[in-house]
Amino acid sequence: MKVIILGSGVIGTASAYFLAKAGHDVTVIERQSGAGMETSFGNAGEISPGYATPWAGPGVPLKALRWLAMRHSPLVIRPRMDPQQWRWILQMLANCNTRSYQVNKGRMVRLAEYSRDVLVQLRRDTGIAYDERSKGTLQLFRTQKQLDGAHTDTEVLERSGVPYKLLDREGCTRYEPALARVPGNYVGGLLLPNDETGDCFKFTQALAELAKGLGVKFRHEVKIERLNVEGDRVTGVVTNKGELKSEAFVLALGSYSPLMLRQIGIHIPVYPVKGYSITVPITDASGAPESTVMDETYKVAITRLGDRIRVGGTAELCGYDLRLHQARRDTLEHSVTNLFPDGGDVRQASFWCGLRPMTPDGTPVIGPTPYRNLFLNTGHGTLGWTMSCGSGRVLADILSGRQPEIGLEGLFMDRYGRRNRPVVAPAGIAV
């Protein structure tokens, strides 16, 4: 089948690769000059199935109020005259209860664990390299209250069969020796030993080359304007270089997905949440992290990527504004210098931001739509890199009419109620 994919971030590129592996004739349309040039470019570098956690959880509204008052706040809200922003916030608040949290986390962990397994197999099959390390994630707690509250997550991890270890201060230094230099800055941690790290941009670029080897055609610097529809089918995608026809279409435009979908009567609650990162050259390898340390207080991930430290975090609700704010850089610098003061020179760091496509319940939107030949792969939030390979494989299976290897419950857009017409799944696909 001829398939056009809209977007070549890590999600669109993974979709292209697995669709080509399944025997489809794939073309990717992208406005940038190459694959992975936007949100996939400078993310935190985590492949963290065990840390696959919805932002909406019990107690989050009160935490958010405290965060907003912090100097180095992990959350920034810039109110806008945008009903989508306020609708998304209200939907997220509606998920801030124990039952919803456990359901949503279970869905996310299911997809993220599968994605990690698919990535491992991809690496074995192709030898793809991207500054990868397989040394786990350490969620670091600065207070005893945070450490005591970890049971909420560990209960879900146990039900999902995800290995973990709760560590005291000394246990943390066994996995991250450089933390021994700042023993007073944390009390313990939650180790997720099966998590990995890697440079998402390097991976996306390398995977695009592998996809080309399978016959995938990438058309870069092509601006997508709209989709043409007729009845219950998409007939073509209109670009600044003309209309392109295909038998099937996959929309993987990240935060820009809902803007395109609204034009054809589809409404999904995906909203851009801006994240920032700095990339710091390592000056003392023994003082740098071994893998990923997640600073729970500031919601900042500190990751070793080859000879660099990637420091990523902050949730800024400001629409599609891509301006860089110094206060956000200050927060990232504070976290990394407080925990790894000797690891790198933050004065030489590059500063970046990107728009994460977030759903209010944390789970991405994958699969069919009310149009028979239009499929979605979007809404992965902070976990696009973590979930990319699994999402691409699941999408390829659905489009091919082959039941995926994991359950599909909660992944389709129809979980958001009756605002849209019912989805039309290919024959043979059961939720």
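Strands are DSSP runs of E of at least two residues, numbered from the N terminus. In the predicted model described here, one such strand is β17, which spans residues 308-317 and contains T314. The phi angle of T314 is positive, at about 80°, although T314 is not a glycine. T314 is also buried: its relative accessible area is 3%, which falls under the 20% cut-off for that class.

A positive phi is also found at K299, again a residue other than glycine, with a value near 55°. K299 lies in a loop, between β15 (292-295) and β16 (300-305). The relative accessibility of K299 is 27%, so this residue counts as partly exposed. Thus T314 is a buried residue within a strand, whereas K299 is a partly exposed residue within a loop.

According to UniProt, in an unreviewed entry, residues 2-397 carry the feature "domain: FAD dependent oxidoreductase". Helix accounts for 34% of the chain over residues 2-397, and strand for 26%. The C-alpha atoms at the two ends of this range are separated by 15 Å.

The loop that links α2 (60-69) to β4 (75-77) contains S73. With a relative accessible area of 4%, S73 is classed as buried, because the limit for this class is under 20%. The side chain of S73 is placed close to two backbone oxygens. A polar atom of this side chain lies 2.6 Å from the backbone oxygen of W67, and the side chain of S73 also reaches the backbone oxygen of L75 at 2.6 Å. When residues up to four places away in sequence are not counted, S73 touches W67, L68, R328 and T331. W67 therefore appears both in this set of contacts and as the owner of one of the backbone oxygens reached by S73, within the 3.5 Å limit for a polar contact.

L68, a contact of S73, is also part of a nonpolar surface patch of about 380 Å², together with L62, L65 and I77. Helix α2 supplies the largest share of this patch, with 3 residues. L65 is one of the patch members and is located in α2. The relative accessible area of L65 is 58%, so L65 is exposed, the cut-off for this class being over 50%. The region around α2 thus includes the exposed L65 in the helix and the buried S73 in the loop between α2 and β4.

Notes: Residues are numbered from 1 along each chain as its sequence is written. This is a predicted model: local features need pLDDT of at least 70, side-chain atom pairs count only at pLDDT 80 or more; totals for chains, interfaces and linings use all residues. Side-chain values use heavy atoms; hydrogens and water are left out. Helices (H or I, at least four residues) and strands (E, at least two) are DSSP runs, numbered from the N terminus. Buried means under 20% relative accessible area, exposed over 50%, partly exposed in between (1.4 Å probe, protein chains only). A polar contact is a pair of N or O atoms within 3.5 Å; within protein, one must be able to donate a hydrogen and the other to accept it, and residues adjacent in sequence count only if both atoms are side-chain atoms. Contact means heavy atoms within 4.5 Å. UniProt positions are given in the numbering used here, feature names are shortened, and annotations may be inferred rather than shown by experiment. Patches are made of residues with over 30% relative accessible area and no salt bridge: like charges are joined within 9 Å, nonpolar side chains (Val, Leu, Ile, Met, Phe, Trp, Tyr) within 5 Å. Accessible areas come from the Shrake-Rupley method with a 1.4 Å probe; for residues, only the protein chains shown count as cover. A salt bridge is a side-chain nitrogen of Lys or Arg within 4 Å of a carboxyl oxygen of Asp or Glu.
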